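Morning, everyone. Please bring the model up on your screens, and keep the sequence beside it.

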Amino acid sequence: MKVLVTGGAGYIGSHACKALSKTGHTPITFDNLSTGWRDAVQFGPFFEGDLTDKSSIERAFAEHRPDAVLHFAALSRVDEAMAKPELYWRNNVLGSLNLFEAAVQHDCLDLVFSSTCATFGDQDNVILDENTPQHPINAYGASKQAVERMLQDFEATHGLRNVIFRYFNVAGADPDAEVGEFHRPETHLIPIVLDTVAGERDQVTIYGTDYPTPDGTCVRDYVHVSDLVDAHLLGLQWLKDGKGSRAFNLGTGSGFSVREVIHSANRVTNREVPTAIGDRRPGDAIKLVSGSKRAEDELKWTPQKSTMPQMIEDAWRWHQVADYRK
Ligand code: UFG
């Protein structure tokens with residue numbers, strides 16, 4: 001199968017391209033390189049384009065004639081979404097609209113969409129499953145929820161079949177260290193901790209220690225990028241098997257606090273990361289933990305690598321050898 005991978009030069013997209021090529025498919029990366037890396041495109045053709053420019057995505061469909069789409073391309077920083085919501089509505093919502101219109105026009109009617117636990121907002125002490133009402137608290141979550149809604153209409157009217165994955169916190173790297181997580185600026189906890197271990201930063205600032213959690217820091221559900229990508233292959237198969245549109249949450253059901261993540265990184269890397277205590281970061285939810293039973297039961301998805309030490313170990317290995325970080 002030829003699979004158009006929007007955001008294929010990014011963290012998760014590049015891992016998906018590798019998995020597609022390893023399983024005999026051809027990933028076609030469509031990326032504007034605003035947050036992705038040309039060097040991460042190693043597993044198939046590259047089309048440089050921007051989803052907000054409708055003509056470029058139309059050209060990509062016409063040139064490559066894909067059989068399915070994995071739609072990763074998006075802006076995904078909560079802090080940025082709080083400061084510049086317009087960027088999120090334009091990139092994530094208008095970009096998706098252009099993509100869906102082009103897909104329908106080219107009769108490419110199977111699509112997997114990367115949504116987020118940020119669509120649920122801040123629901124204290126709730127395990128978030130697919131029946132939990134979505135109440136996003138920032139423009140990032142709201143933009144992704146809007147695209148989920150858009151997909152319902154595109155399916156009902158134009159037959160665009162879709163699998164929606166709501167990711168929890170994605171972590172780790174390709175176990176062969178060919179691709180990994182790298183953002184500039186970096187805002188995510190684990191890469192920041194590893195930058196600090198490597199001496200590229202002086203310390204890790206913990207954003208808030210007065211949350212109503214056991215150790216006062218925010219709790220997240222971390223899932224290994226390889227496990228996440230496995231779910232995407234299962235999602236494509238689900239669509240090709242004609243099982244219809246469905247939304248799945250992807251996490252492990254276990255929560256880790258910021259302090260627990262740092263502690264685990266200390267153990268894996270055998271160093272002591274210096275920390276400082278800072279204010280709460282605007283837009284952060286207290287606790288986001290997934291109920292992923294639907295993905296396990298229906299998709300037969302079983303996370304294999306999503307333990308905290310394994311995720312940190314793989315991220316750390318990549319951190320030390322990655323070419324395009326340098
Ligand atoms: N954190 C720190 N210090 C840092 C960086 C992060 O204390 O230097 C904390 C955050 O406050 C948060 C936790 O570590 O409590 C995890 O933060 P990340 O930035 O790694 O991840 P987020 O939970 O903010 O973001 C993830 C995804 C987003 C998604 C969001 C949903 O990366 O795309 O979950 O809330 F929107």
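Start at glycine 159. This glycine comes right after helix H5 and has a positive phi, near 70°. A word on names: helices (H or I, at least four residues) and strands (E, at least two) are DSSP runs, numbered from the N terminus.

Before we go on, some ground rules. This is a predicted model, where local features need pLDDT of at least 70, side-chain atom pairs count only at pLDDT 80 or more, and totals for chains, interfaces and linings use all residues. Residues are numbered from 1 along each chain as its sequence is written, and side-chain values use heavy atoms, with hydrogens and water left out.

Back to H5 itself. Helix H5 covers residues 139–158, which is 20 residues. From first C-alpha to last, H5 reaches 27 Å, close to the 28 Å expected at 1.5 Å a residue. That expected span is 1.5 Å times one less than the number of residues.

Which residues of H5 are buried? Among them are Ala139, Tyr140, Val147, Met150, Leu151 and Phe154. Lys144 and Glu148 are on that list too. Buried means under 20% relative accessible area, exposed over 50%, and partly exposed in between (1.4 Å probe, protein chains only). What covers the buried residues of H5? The cover includes helix H3 (78–83), H4, strand E5 (110–116) and strand E7 (161–167).

Stay with H4, because it gives us a helix pair: the axes of H2 (residues 54–64) and H4 (residues 85–105) come within 9 Å and cross at roughly 35°. Axes here are lines fitted to C-alpha atoms, for helices over the stretch in contact, and angles run from 0 to 180 degrees between N-to-C directions. The crossing of H2 and H4 is right-handed. Right-handed means that the near helix is turned clockwise from the far one by less than a right angle, and left-handed means anticlockwise.

Who meets whom? Lys54, Ile57, Glu58 and Phe61 in H2 meet residues of H4 including Asn98, Leu99, Ala102 and Gln105. The residues of this contact divide into five nonpolar, two polar and three charged. Contact means heavy atoms within 4.5 Å. Ala, Val, Leu, Ile, Met, Phe, Trp, Tyr, Cys and Pro count as nonpolar, Asp, Glu, Lys and Arg as charged, and the others, Gly among them, as polar.

Now some backbone details. Leucine 33 is not a glycine, yet its phi is positive, near 60°. Leucine 33 sits in the loop between strand E2 (26–31) and strand E3 (46–48). Leucine 33 is partly exposed, at 25% relative accessible area. Lysine 300 also has a positive phi, about 65°, without being a glycine. Find lysine 300 in the loop between helix H9 (293–299) and helix H10 (308–321). Is lysine 300 buried or exposed? Exposed, with a relative accessible area of 60%.

Next, a cis bond. The peptide bond from arginine 184 to proline 185 is cis, with omega near 0°. Proline 185 lies in the loop between strand E8 (169–171) and helix H6 (189–197).

Two threonines next. Threonine 29 is in strand E2. At 2% relative accessibility, threonine 29 is buried. Leaving aside neighbours within four places in sequence, threonine 29 has contacts that include Val5, Cys17, Val41 and Phe47. Threonine 213 is in the loop between strand E9 (204–207) and strand E10 (219–220). Threonine 213 is buried as well, at 13%.

Last, the overall layout. The domain assignment gives domain 1 (2–170 + 222–250) and domain 2 (189–221 + 253–325). Such bounds come from an automatic or database domain assignment. The C-alpha centres of the two domains lie 23 Å apart. How many residues of domain 1 are in contact with domain 2? There are 37, and they touch 34 residues of domain 2.
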